[in-house]
Amino acid sequence: MSTNFLKRFDLFLTILFFALAIPAEKGELFSMLEEQTLSFRQLLRQRYGDPEVMNFVDDVILVNTDEAFFKSYGSYPFRRVDIARIAENLRTLGAHVVALDILMDFPSSYGEDAPTAEILKRAGNILVVSQGEFRNGKFQKINYPTPTIREVTRSGYTNISSFSQVWTTLSRLRVFPEMVSEADGLPFSVQALAMHWLTQPKLQDRKLIFDGRFTVPLDQFNSFYIDFPALPGGARFLSQVKGLSAHEFLHLEDLDKEERAELSYWVKDKIVIVGDTSEVSHDWFDTPVGMVYGVEIIADTIHTLMRGAPLRPASDQVELASALMVMLLLMLTTGVGHPLLRTGLVLLLFGVYMAAVTWFYVRGGMVVSVSYVTIAGFLSFMSINLRFFLQERGQKTLIKDAFGQYLSPKVVEILVKDPTRLRLGGEQREMTALFSDVAGFSTISEKLTPQELVHLLNEYLTAMCDIIARYEGTVDKFEGDAIIAFWGAPLEQPDHAVRACLACIDMQKYLREQRTRWKEAGTPELSTRIGLNSGLMVVGNMGSKQRMDYTIMGDAVNLAARLEGANKFYGSDVMISDATYRLAQEQVEVRELDTIRVVGKKEPVTVYQLLDRKGELTGERLELITGYRQAVGLYKERRFQEAMERMDQLLTRFGEDGPTRTYLNRCRDYVQNPPPEEWDGVFQLTSKG
């Protein structure tokens with residue numbers, strides 16, 4: 001065995017879990033969970049199983065003592081002589097076997113045992129209930145009916161219980177070897193069928209043998225699965241479709257010939273089970289198909305045997321092969337590094353496994369254990385994931401230790417999440433870039449001590465970065481007081497332009513509020529110019545193998561930098577390109593500044609001043625912007641004198657406004673020196689700002 005395999009604790013645990021699943025399945029340690037899977041599969045079998053097997057047999061009929069019967073009968077409980085009279089009448093009508101699912105293991109308080117026994121003897125072929133007595137799980141004896149009744153009848157025990165200590169679902173009938181050797185030591189349903197077929201079943205080598213008929217293989221507990229049949233018409237209880245009221249058979253002397261013939265049609269040559277389906281009896285139990293009356297469980301068991309007990313436990317070889325197959329396929333997923341893909345493959349594996357065992361159950365009657373392989377698989381999958389987690393954590397620690405000293409925390413975080421990106425190169429994406437700079441920072445720095453300057457700059461940069469982070473932007477780098485940031489990477493952000501615009505609005509609002517505080521404290525007031533542009537950019541790790549930086553580059557990035565500087569020409573604070581505006585126009589308020597041609601670019605670009613969120617322009621500010629737009633409209637029509645007068649009025653009324661002052665000065669110049677006839681309104685910037 002290789003050293004690498006010895007280090008793979010997940011493979012060792014996987015083998016261990018599946019090795020433990022085999023004895024766990026044999027001992028049925030998780031029978032509660034297994035019963036739930038049986039319930040699901042049996043419900044599907046009732047609906048999609050072979051109709052020849054699932055339709056209830058015609059040889060069994062139920063005679064019920066329900067609420068309607070006891071109301072007509074007039075007393076409770078049922079008198080034994082009347083029970084015997086019904087049994088005799090059923091035999092008179094042609095019933096082959098009458099099985100009385102009624103306990104009579106104690107003497108009658110009304111001295112009815114002798115006359116009851118006389119009637120039952122006269123009827124013949126009557127089966128009554130016995131009970132096996134157990135103490136601490138060990139068989140003690142069979143509690144037969146009273147001796148008087150036992151002499152003239154056959155009996156069978158009705159002991160049936162869940163194989164789970166917690167869940168009470170009844171899904172199997174157990175044939176107790178220690179009881180078979182006793183007189184009438186067979187289960188009630190088995191005895192009824194034996195009387196009907198005139199045979200004596202034998203228990204041998206975990207097989208229940210019906211001579212001349214068939215052999216029922218039993219599981220390790222000497223039990224077989226009850227194949228609960230499908231009920232027609234959505235009926236809830238078998239007694240609703242295969243049941244008659246006991247009242248019909250109590251007084252045959254009151255019936256005419258035709259009525260007797262009709263009743264005989266239902267019971268002739270059949271096994272008739274007489275039982276209590278009244279609510280007061282509480283004789284109902286939880287089964288894989290829901291609550292079922294005790295008498296119906298007996299009928300369902302007889303149906304199962306008559307159909308040859310089609311539900312058979314899978315052989316040890318099949319159980320072992322299925323577990324090995326799942327284990328090996330699960331171990332193959334350890335070669336899949338991507339967690340979502342690995343999880344998807346495991347889910348697919350168990351989905352196929354569940355579908356297969358369900359199909360074998362529904363259509364083939366093979367009962368393959370589900371819960372044990374599933375639990376072993378789940379624990380194995382957890383151990384596989386644990387190994388990957390520990391491996392990734394070690395890799396992350398290695399990356400942080402190796403690169404955390406000279407790469408930015410953001411880049412380190414990206415590398416931790418995806419170590420394959422630890423290489424040169426990038427990818428092209430549509431993104432939004434932000435460039436910001438503090439206006440007049442050189443002048444401000446001259447007024448402060450180094451300590452005061454560092455404190456003010458740290459306070460400013462921290463606040464700006466917090467706002468950028470709030471909108472999930474990535475801070476690329478700092479260049480003194482300048483901030484470069486972007487949206488759209490490393491995460492995909494379809495609304496990158498909107499996020500960038502909203503961040504800029506909040507940054508300017510913060511600075512307006514802070515300037516009041518700075519003024520009161522005698523601290524220089526900071527004003528920031530920002531440029532935004534959206535477009536195709538290259539983003540990724542740039543640099544050398546010794547030092548890399550996760551950054552952006554491209555013409556669209558350069559334009560964002562130019563727009564930040566262009567704010568100086570217009571006295572504006574946030575300038576965005578038409579590309580950004582088109583992407584964010586439903587969310588923001590802007591005013592058009594100009595169509596400009598920046599230094600180094602031939603193509604003109606329309607630029608806007610970012611003002612506020614959509615619908616939040618109010619009061620004098622809204623009036624100023626409305627008047628500004630009207631004045632710019634006059635400017636574009638070459639009505640420079642009117643535009644100049646309108647802009648002068650705006651400045652007089654609302655105070656200094658950078659873009660308005662810019663256009664006022666430009667109009668004054670054009671009044672004296674009109675532009676040429678071919679003037680297209682594009683303004684050529686002569687410097688980078």
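**Exercise 1. Helix H13 and the residue after it**

How many residues has helix H13, and what distance does it reach from its first C-alpha to its last? Determine also whether H13 is enclosed or open, and describe Gly-308.

*Solution.* The model under study is predicted.
- Step 1. Helix H13 covers residues 294-306, which gives 13 residues. Its reach from first to last C-alpha is 19 Å, close to the 18 Å expected at 1.5 Å a residue.
- Step 2. Of the 13 residues of H13, 13 are buried, so the helix is largely enclosed by the rest of the structure.
- Step 3. Gly-308 follows H13 and has a positive phi, near 85°. This glycine belongs to the loop between H13 and strand E15 (312-313).
- Step 4. Gly-308 has a relative accessible area of 16% and is therefore buried, the cut-off being under 20%.
- Step 5. Between the C-alpha atoms of Gly-308 and Ala-183 there are 25 Å in space and 125 residues along the chain.

**Exercise 2. Helix H23 and its cover**

Compare the span of helix H23 with its expected value, then state which residues of H23 are buried and what covers them.

*Solution.*
- Step 1. Helix H23 (residues 619-636) has 18 residues, which should span 26 Å at 1.5 Å a residue. The end C-alpha atoms are 26 Å apart, in agreement with that expectation.
- Step 2. The buried residues of H23 are Leu-624, Ile-625, Gly-627, Tyr-628, Ala-631, Val-632, Leu-634 and Tyr-635.
- Step 3. Their cover includes two strands, E23 (588-597) and E24 (605-613), and two helices, H24 (640-654) and H25 (658-672).
- Step 4. Just after H23, Arg-638 adopts a positive phi of about 65°.

**Exercise 3. Positive phi at Asn-125 and Asp-184**

Where do Asn-125 and Asp-184 lie, and is each buried or partly exposed?

*Solution.*
- Step 1. Most residues other than glycine have a negative phi.
- Step 2. Asn-125 has a positive phi, near 55°. Its place is the loop between helix H7 (113-123) and strand E3 (126-135). With 28% relative accessibility, Asn-125 is partly exposed.
- Step 3. Asp-184 has a positive phi, near 50°. It is located in the loop between helix H9 (177-180) and helix H10 (188-197). A relative accessible area of 13% makes Asp-184 buried.

**Exercise 4. Cysteine sulfurs**

Why do Cys-501 and Cys-504 not form a disulfide?

*Solution.*
- Step 1. The cysteine sulfur closest to that of Cys-501 is in Cys-504, at 6.5 Å.
- Step 2. A disulfide requires sulfur atoms within 2.5 Å, so the separation of 6.5 Å is too far for a bond.
- Step 3. Seen from Cys-504, the closest cysteine sulfur is that of Cys-501.
- Step 4. Cys-501 is buried at 0% relative accessibility, and Cys-504 is likewise buried at 0%.
- Step 5. The count for the structure is 0 disulfides.

**Exercise 5. Salt bridges between distant parts of the chain**

How many salt bridges does the structure hold? Describe three of them, with the accessibility of their partners.

*Solution.*
- Step 1. The structure holds 31 salt bridges.
- Step 2. One of them joins the side chains of Glu-472 and Arg-499, at 3.3 Å from N to O. The partners are 27 residues apart: Glu-472 is in the loop between helix H19 (450-470) and strand E18 (474-479), and Arg-499 is in helix H20 (residues 496-521). Glu-472 is partly exposed, at 46%.
- Step 3. Another joins Glu-616 to Lys-509, with the closest N and O atoms 3.6 Å apart. Here 107 residues separate Glu-616, in the loop between E24 and H23, from Lys-509 in helix H20. Both partners are partly exposed, Glu-616 at 39% and Lys-509 at 25%.
- Step 4. Asp-657 and Arg-591 meet at 2.7 Å, N to O, in a further salt bridge. Asp-657 is in the loop between H24 and H25, whereas Arg-591 is in strand E23, 66 residues apart. Asp-657 is buried at 10%, and Arg-591 is buried at 2%.
- Step 5. Lys-509, Asp-612, Glu-616 and Arg-621 form one network through salt bridges that share partners.

Notes
Residues numbered from 1 in each chain as written. Predicted model: local features only at pLDDT ≥ 70, side-chain atom pairs only at ≥ 80, totals over all residues. Heavy atoms only, no water. Helix = DSSP H or I, 4+ residues; strand = E, 2+ residues; numbered from the N terminus. Expected span 1.5 Å × (residues − 1). Buried < 20%, exposed > 50% of the residue type's maximum accessible area, 1.4 Å probe, protein only. Contact = heavy atoms within 4.5 Å. Salt bridge = Lys/Arg side-chain N within 4 Å of Asp/Glu carboxyl O.
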